[in-house]
Amino acid sequence: MDARVYVEISEARHLFQRYGNRLLSDPCVSRLLKQYRDAIAKTTRMMREMGMQGECARCAAEGPGSCCFSGIEEGYDQILLLINLLMGCNIPDTREIAGSCTFLGPSGCKLRARYYYCVHFLCPRLHRAMDPLSVKELLRAVGEELHAGWEAEQAVRTSLKRREAMDGNLRSAASEAGSRTMEELYMPTEDP
Ligand code: SF4
Ligand code: SF4
């Protein structure tokens, strides 16, 4: 339990308990979370229609196995995890599958809001299974999802910062990375 991600999970839970209801009642946050949820739903639908989930299930069962390996979760910070909590996700406290990402369960990823690597990654096997036009369409939807995620994240940070200031909490989780660009937020500079 000493990995950084567990500290981030704990901080996200703390923020959710303290500010969750107030964040959800902020009209801007609520609108952008809905927009983000819709974008995620569109990408998920496209992946299902393209047969990607079946291909990943076959890969996990027959090898070489899931690409959701241990360490990738270190790319998640407390604000993106807070957004998952705001979207109703149950974030695990422990790794369920040894050697895999903390957020992987028997039915796949337990998160809804995911960062760049998790959403954008298309392995060679998937590339071979899909026609190039479908790949292009999917990547466009992925781009929309990432952009909607960035907008929702900025709204959450702004709202959180305001509420923390009202509560006199000068150590603001929201302000620590509040000025990062979309690329910095969703494209880690180091490999996880
Ligand atoms: S993305 Fe590729 S490597 Fe990862 S589980 Fe799916 S088929 Fe396997
Ligand atoms: S898709 Fe989910 S389970 Fe896979 S690496 Fe990303 S967060 Fe982990």
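**Two ligand shells and a helix pair**

Visitor: What makes up the shell around ligand 1?
Guide: In this predicted model, ligand 1 is surrounded by Glu55, Cys56, Cys59, Ala60, Ser66, Cys67, Cys123, Arg125 and Leu126.

Visitor: How do you know that a residue belongs to the surroundings of ligand 1?
Guide: The test is a distance: the C-beta atom, placed from the backbone, must lie within 6 Å.

Visitor: Which helix gives the most to that shell?
Guide: Helix α3 does, with four residues. Both α3 (52-62) and α6 (124-129) supply at least two residues each.

Visitor: How do the residues around ligand 1 divide by class?
Guide: Six are nonpolar, one is polar and two are charged. Cys counts as nonpolar, while Glu and Arg count as charged.

Visitor: What surrounds ligand 2?
Guide: Its shell holds Cys68, Ile72, Glu73, Cys101, Phe103, Leu104, Cys109, Leu111, Arg114 and Cys118. Eight of these are nonpolar, two are charged and no residue is polar.

Visitor: Why is α1 called oblique to α4?
Guide: Helix α1 (residues 4-24) and helix α4 (residues 78-86) pack at an angle of about 50°. Roughly parallel needs an angle under 35 degrees, and roughly perpendicular runs from 65 to 115. The angle fits neither class, so α1 is oblique to α4. Their axes are 8 Å apart, and the crossing is right-handed.

Visitor: Which residues of α1 and α4 meet?
Guide: From α1 come Glu8, Ile9, Glu11, Ala12, Leu15, Phe16, Gly20, Leu23 and Leu24. From α4 come Gln78, Leu81, Leu82, Leu85 and Leu86. This contact has 10 nonpolar, two polar and two charged residues.

Technical notes:
Residues are numbered from 1 along each chain as its sequence is written. Chains are lettered from A and ligands numbered from 1 in the order in which they are written. This is a predicted model: local features need pLDDT of at least 70, side-chain atom pairs count only at pLDDT 80 or more; totals for chains, interfaces and linings use all residues. Axes are lines fitted to C-alpha atoms, for helices over the stretch in contact, and angles run from 0 to 180 degrees between N-to-C directions. Angles under 35 degrees count as roughly parallel, over 145 as roughly antiparallel, 65 to 115 as roughly perpendicular and the rest as oblique. A crossing is left-handed if the near helix is turned anticlockwise from the far one by less than a right angle, and right-handed if clockwise. Two residues are in contact if their C-beta atoms, placed from the backbone, lie within 7 Å.
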